[in-house]
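Q: Please take a close look at the largest pocket and at the helices that line it. A formal account for a reader new to this structure would be welcome.

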Amino acid sequence: MTELLTAAQMRAIELAAIKSGDVTGLELMERAGRGVVEAVFEEWPELAKNIHRAVILCGPGNNGGDGFVVARLLKEWDWEVQLFLFGEAEQLPPDAKVNYDRWEKLGQVTTLTEKAFRKRHPEHGHKYADLYVDALFGTGLTRPVDGEAWNVLTHMCGRNGDNYVPYTVAIDAPSGLCLDSGRVLGSGATEAGYSNRGASAAASLTVAFDSPKIGHFIGEGPAVCNKLVVKDIGLRDWRCTSHEKGRDTAPMRRGGIGRNIRVPRVNLITKEPLVPDTRQFMNMYRWDMLSKSQGAAHKFSHGHALILTGSTGKTGAARLAARGALRIGAGLVTLGCPPNAQMEVANQITALMLARIDGQQALTGVLEDDRLNALCLGPGMELKLAQALVPIALDSGRSTILDAGALSAYQDDPKALFDMLHEKCVLTPHMGEFSRLFPDLADKLNSPKKPPVLNTLQYDPTNLQQYMADIQQWKDALASQSGPAYSKVDAARDAAKRAGCVVLLKGADTIIAEPSGQCSIHAAHYERAAPWLATAGSGDVLAGFITGLLARGFAPTQAAETAAWLHVECALEFGPGLIAEDLPDQLPAVFRRLNL
């Protein structure tokens, strides 16, 4: 578990530390600059062995101040450093101005313009620098990057065939990335530069401080950050809700799992400036519940899951879910299927049980068995069948996963579904299903639309009035993006509140939200990237994992978070070439590695 902060939370932590008198803003800036240099040499050891040339782009805030420190430290390594400043030196914040003055004693400062940036030094011919440092705009960015800064960034990313150098480091985030939403604000960097050579060209390495931020893990963040390193600058004591200095907020470890688990978590329950202590959440993780060596335990003490299938020819998804539930530890798993699918299912299963469910009455009868404690509806299920069975399942009050067809069945009347849901439910939509259940939230997530690139607007000398109107529309579109963009995290939280239950919004950046606002992110990015998970049926296996954990007694949020993490672990265990059928069978190896 790792806490993820918003920009406001990070700033509040810094201010709390500074106001305490234990550290100054200047000391934090020095630590940040040193952290960047350390990260650069750790990532590219060859740069530490010889003298090189660096180009550093400094912005008008404290992010630029970090850049001045980096410039000074590299100069002390006898590097040749060319430093550009965007803005006026006299308008820099006090700490940044101090470091600006320190740098001026060592080297020149050039005003940042596209022309100045593109100018080659004669002694280097057509060669660019060995290292670029983006210290223009950091954590607190709330408006699009445009003008000269935009032009320089897009050239740095390779626009117009410029030589692209892989050694590019961004401080806090590549300029233009909103760290609250994971969206690149504005059109210039995204369309004219970042996407020109692939979004990952925005930075080869991103260095953050103290804690990663939400935007590092969702939306466009992972693509433009490319690789993320977090450097400690001594703020750990201030990252707690009680405002008591000295509390240990490090995640607790159980049975070795703490050394391996890397599920980023963000707490968004309140608007408090400091982040709640993670220890209470880590204590919820009862990994020993997955072990079957529990004395006199028997299969029913490990839970009995019921997973409903579709009709003949459509049972594969439910069978994938059922195998996942069984592998993850449910004591029994029963597949409930219509009569016309019984033979198909019976020919495919061994350890799984089979029940004939041909309608509401049959399901009611099966649910008379109190030992059935977890239900899963939706994988491969026809909409009409789902409409008939979902109300019965929800009325039973049992822990229930609704996926696929069980969600799409209510796309014309989402409120009818929300009125039936209860706190033991988990909804697992992908973005398409989410858009059908929460169309207003999806619209909000997809807007404002990014404005067109200014230089793509068509100038028509015979219709100057229209051209000027297009320019104004472009300016209005940019202005509408001011402030943190509405994010996938926001959408999931709002959806969970509306539904009254846990919502797991699937994707490479899976979001798990509770009605209270508590939210966690499981990002299959960076070292956990597993693009081969994008295969038919993998979502059905995930639904089965959650169902099996619910059967074992996990709370809905626990089950969703644990299943999402194990889902990716299984994919990483297998590697490329994965198909959905492979996922459940990787669990034993993953469990052995976790000493379960």
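A: The following account treats the pocket first and then the helix packing.

The model is predicted: local features need pLDDT of at least 70, side-chain atom pairs count only at pLDDT 80 or more, and totals for chains, interfaces and linings use all residues. Residues are numbered from 1 along each chain as its sequence is written, and side-chain values use heavy atoms, with hydrogens and water left out.

The largest pocket has a volume of about 660 Å³. A pocket is found on a 1 Å grid over the protein atoms alone, as an open set of points where a 1.4 Å probe fits, with protein on both sides within 12 Å along at least five of seven lines. Its volume is the space filled by probe spheres set on the points, which are joined across faces, edges and corners. The lining comprises 27 residues (those with an atom within 4 Å of a point). Nearest the centre of the pocket lie Arg11, Glu14, Asn62, Asn63 and Asp172.

Two or more lining residues come from each of helix H1 (7-20), H2, H3 and helix H4 (94-104). Helices here are DSSP runs (H or I, at least four residues), numbered from the N terminus. The greatest share is that of H1, with 5 residues. By class, the lining holds 14 nonpolar, 7 polar and 6 charged residues. In this scheme Ala, Val, Leu, Ile, Met, Phe, Trp, Tyr, Cys and Pro count as nonpolar, Asp, Glu, Lys and Arg as charged, and the others, Gly among them, as polar.

Helices H2 and H3 also pack against each other. H2 spans residues 25-43 and H3 residues 62-76; their axes lie 8 Å apart, at an angle of about 60°. Axes are lines fitted to C-alpha atoms over the stretch in contact, and angles run from 0 to 180 degrees between N-to-C directions. H2 and H3 are therefore oblique to each other; angles under 35 degrees count as roughly parallel, over 145 as roughly antiparallel, 65 to 115 as roughly perpendicular and the rest as oblique. Their crossing is right-handed, that is, the near helix is turned clockwise from the far one by less than a right angle, whereas an anticlockwise turn is left-handed. Contact (heavy atoms within 4.5 Å) involves, among others, Met29, Val36 and Phe41 of H2 and Asn62, Val69 and Leu73 of H3. The residues of this contact comprise 9 nonpolar, 3 polar and 4 charged.

H3 packs against H4 as well. The two axes come within 8 Å and cross at roughly 25°, which makes H3 roughly parallel to H4. This crossing is left-handed. Residues of H3 that meet H4 include Asn62, Phe68 and Lys75, and those of H4 include Asn99, Tyr100 and Trp103. The contact of H3 with H4 divides into 6 nonpolar, 3 polar and 3 charged residues. Asn62 thus recurs: Asn62 is in the contact of H3 with H2, and Asn62 is among the residues nearest the centre of the largest pocket.
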